[in-house]
Amino acid sequence: MMRRAGVQKSAAMAVTDPRDGRRVALKKLPNVFQSLVSSKRVFRELKMLCFFKHENVLAALDILQPPHLDFFQEIYVITELLQSDLHKIIVSHQPLSSDHIKVFLYQILRGLKYLHSARILHRDIKPGNLLVNSNCVLKVGGVARRAMGAGPNVCRLQICDFGLARVEEPDTSKHMTQEVVTQYYRAPEILMGAKHYTAAVDVWSVGCIFGE
């Protein structure tokens, strides 16, 4: 049984894993060998997804092997299923209290701290790349208290989509691409054409989300 998850890009599906009956997200990475650049990007993303071990960062649960190498043109990645994203919550009619905002910001910054401690720049932090479970969507009180606890009723947010992510370049003489970050969340140094930037570009994006 499959349906589009919607919140994890158009290529992600909500499916039931036949091995254990668990509901998961199945993400399709198409045309992985279309060019050398796209192949490197997919490899980098898969490597990161398999490395991550943090409750506020989306990680790969499994990678499905192709049925035959002759037809190996796409990769399917199984991840945890989260039902919505922060963009949908922001544009919805659901009122956001100060407690909601504190919880979301806390979890975003917590996930970013984990990424930046590994010297990984996400480079595309935006509401659509911040997945949330159904407990964050419900119009209920006390969300801040539940988010700090544990169990199935916890409001949880995860950073996703690492297609533009890369390890931070310590050599400032090496140029880094400016084709990163959705424009509304792009840091001033990137807008001004900086050839090198740091993890601060992700923090700027979080500030834009806070203002939004």
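**Pockets between the two domains**

In this predicted model, the second largest pocket lies between domain 1 (12-80) and domain 2 (84-211), because both domains give residues to its lining. The space in this second largest pocket amounts to about 180 Å³, and its lining is made up of Val 37, Lys 40, Arg 41, Arg 44, Arg 123, Arg 166, His 175, Met 176, Thr 177 and Glu 179. Helix H1 gives the most to this lining, with four residues. When the lining residues of the second largest pocket are sorted by class, six are charged, two are polar and two are nonpolar.

The largest pocket holds about 270 Å³ of space. Its lining comprises 11 residues, of which Leu 29, Arg 41, Val 42, Glu 45 and Gly 163 are the closest to the pocket centre. Two elements, strand S3 (23-29) and helix H1 (36-51), give two or more residues each to the lining of the largest pocket, and the largest share, four residues, comes from H1. By class, the lining of the largest pocket contains five charged, four nonpolar and two polar residues. The largest pocket, too, is placed between domain 1 (12-80) and domain 2 (84-211), since residues from both domains contribute to its lining.

Helix H1 thus recurs in the description of both sites, as the source of four lining residues in the largest pocket and of four in the second largest pocket. Arg 41 likewise appears in each account, being listed among the residues closest to the centre of the largest pocket and among those that line the second largest pocket.

How values were computed. Residues are numbered from 1 along each chain as its sequence is written. This is a predicted model: local features need pLDDT of at least 70, side-chain atom pairs count only at pLDDT 80 or more; totals for chains, interfaces and linings use all residues. Side-chain values use heavy atoms; hydrogens and water are left out. On a 1 Å grid over the protein atoms alone, a cavity is a set of points where a 1.4 Å probe fits but cannot get out, and a pocket is an open set with protein on both sides within 12 Å along at least five of seven lines; lining residues have an atom within 4 Å of a point. Grid points are joined across faces, edges and corners, and a volume is the space filled by probe spheres set on the points. Ala, Val, Leu, Ile, Met, Phe, Trp, Tyr, Cys and Pro count as nonpolar, Asp, Glu, Lys and Arg as charged, and the others, Gly among them, as polar. Domain bounds come from an automatic or database domain assignment.
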